[in-house]
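Here are some exercises to work through with the model open beside you. Try each task before reading its solution.

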Amino acid sequence: MAIQLGDEAPDFTAETTEGPIHFHQWLGSSWGVLFSHPKDFTPVCTTELGRVAALKPEFDKRNVKVIGLSVDPLGSHKEWANDIKETQGHALNFPLIGDSDKKVANLYGMIHPNASDTATVRSVFVIGPDKKLKLTLTYPASTGRNFDEILRVIDSLQLTAKHKVATPVDWKQGGDVIIVPSVSDADAKTQFPNGWKTVKPYLRIVPQPK
Ligand code: BEZ
């Protein structure tokens with residue numbers, strides 16, 4: 001069965017462009033993003049990896065470790081890294097798993113046989129410091145992902161892990177948020193002493209907590 005939100009992210013050992021890793025140990029107390037690519041030396045993947053390398057400081061700021069995967073061998077990843085640096089202006093600055101035996105791809109359900117028997121789809125898994133899955137995304141090979149959106153979701157996940165709020169449509173860091181329905185008005189008075197706006201009894205808007 002596919003792994004689902006709230007499940008423990010499967011642990012594994014793997015060879016990466018930065019040496020062998022034991023996944024849970026490598027994550028330590030950080031958040032994690034594990035994302036897969038269909039193949040090395042493919043155009044969309046090349047742009048995605050360059051973009052993630054450019055965004056590395058943003059992931060670091062949020063205490064998130066990023067790790068990529070494709071089912072090609074490490075030697076191929078290392079050659080491809082030269083192209084990524086040359087064409088995208090950013091060298092790989094995070095590990096890329098060489099998963100030629102598809103061990104990790106199968107563990108995470110990254111191969112969708114009706115899309116391709118051999119290549120991984122574009123999966124994204126966001127993993128919390130408790131090693132539980134907080135987000136899964138699946139894109140087809142033909143559509144590059146938007147990593148600003150992944151950062152936006154991480155901001156929401158980190159905020160909602162700390163406060164009893166949820167984030168509305170198109171929310172961005174600093175925008176108003178919603179008090180979760182399980183908090184009564186009486187409890188909300190203690191948690192949000194500066195008050196909130198009641199649009200409907202179930203839709204209570206409050207500035208983003210610090
Ligand atoms: C790509 O990454 O460019 C790609 C990979 C597989 C199919 C189509 C595009």
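**Exercise 1. Locate W171 and describe its surroundings.**

Solution. Step 1: place the residue. W171 sits in the loop that runs between β8 and β9. Keep in mind as you work that this is a predicted model.

Step 2: decide whether W171 is buried or exposed. Its relative accessible area is 3%, and the cut-off for buried is under 20%, so W171 counts as buried.

Step 3: list the partners. Setting aside neighbours within four places in sequence, W171 is in contact with R152, D155, S156, L159, D176, V177 and Q208.

Step 4: look for a polar partner. A polar atom of the W171 side chain lies 3.0 Å from the backbone oxygen of G175.

Step 5: take one distance along the chain. T190 is 19 residues from W171 in sequence, and their C-alpha atoms are 24 Å apart in space.

**Exercise 2. Compare the settings of D170 and K131, starting from their phi angles.**

Solution. Step 1: read the angles. D170 has a positive phi near 60° without being a glycine. K131 is not a glycine either, and its phi is positive at about 70°.

Step 2: place them. D170 belongs to the loop between β8 (165-166) and β9 (177-179). K131 is in the loop between β6 (122-127) and β7 (133-139).

Step 3: check the accessible areas. D170 has a relative accessible area of 65% and is exposed, whereas K131, with 14%, is buried.

**Exercise 3. Test whether helix α5 has the span expected from its number of residues, then describe its buried residues and its start.**

Solution. Step 1: work out the expectation. Helix α5 covers residues 147-162, which is 16 residues, and at 1.5 Å a residue these should span 22 Å.

Step 2: compare. The C-alpha atoms at the two ends are 23 Å apart, so the span agrees with the expectation.

Step 3: collect the buried residues. In α5 these are F147, I150, L151, V153, I154, D155, S156, L157 and L159. Among them, D155, S156 and L159 are also contacts of W171.

Step 4: inspect the start of the helix. There a side-chain oxygen of N146 comes to within 2.9 Å of the backbone nitrogen of D148.

**Exercise 4. Find the side-chain polar partner of R62 and describe the setting of this arginine.**

Solution. Step 1: R62 is in the loop between α2 and β4 (64-70).

Step 2: R62 has a relative accessible area of 17%, so it is buried.

Step 3: the side chains of R62 and D155 are joined by a polar contact of 2.7 Å. Leaving out neighbours within four places in sequence, the contacts of R62 are W31, L151, I154, D155 and Q158.

Step 4: link this to the earlier exercises. D155 is a contact of R62, and D155 is also a contact of W171.

**Exercise 5. Describe helix α3 and what its buried residues pack against.**

Solution. Step 1: α3 (residues 74-88) has 15 residues and reaches 20 Å from first to last C-alpha, close to the expected 21 Å.

Step 2: its buried residues are L74, S76, H77, W80, A81 and I84. They pack against β1 (13-16), α2, β4 and β5 (96-98).

Step 3: look just past the helix. G89 follows α3 and has a positive phi near 75°.

**Exercise 6. Which residues surround the ligand, and which polar atoms reach its oxygen atoms?**

Solution. Step 1: the shell consists of T42, P43, V44, C45, R122 and A141. By class, four are nonpolar, one is polar and one is charged.

Step 2: helix α2 (residues 43-61) supplies the largest share of the shell, three residues.

Step 3: go through the polar atoms. A side-chain N or O atom of T42 is 3.1 Å from a ligand oxygen, a backbone N or O atom of C45 is 3.0 Å from one, and a polar side-chain atom of R122 is 2.9 Å from one.

Step 4: consider the cover. On its own the ligand has 260 Å² of accessible area, and the protein covers 71% of that.

**Exercise 7. Sum up the chain as a whole.**

Solution. Step 1: count the elements, which are six helices and 11 strands.

Step 2: of the 210 residues, 45% are buried.

Key:
Residues are numbered from 1 along each chain as its sequence is written. This is a predicted model: local features need pLDDT of at least 70, side-chain atom pairs count only at pLDDT 80 or more; totals for chains, interfaces and linings use all residues. Side-chain values use heavy atoms; hydrogens and water are left out. A residue is near a molecule or strand if one of its heavy atoms lies within 4 Å of it. A polar contact is a pair of N or O atoms within 3.5 Å; within protein, one must be able to donate a hydrogen and the other to accept it, and residues adjacent in sequence count only if both atoms are side-chain atoms. Accessible areas come from the Shrake-Rupley method with a 1.4 Å probe; for residues, only the protein chains shown count as cover. Helices (H or I, at least four residues) and strands (E, at least two) are DSSP runs, numbered from the N terminus. Ala, Val, Leu, Ile, Met, Phe, Trp, Tyr, Cys and Pro count as nonpolar, Asp, Glu, Lys and Arg as charged, and the others, Gly among them, as polar. Buried means under 20% relative accessible area, exposed over 50%, partly exposed in between (1.4 Å probe, protein chains only). Contact means heavy atoms within 4.5 Å. The expected span of a helix is 1.5 Å times one less than its number of residues.
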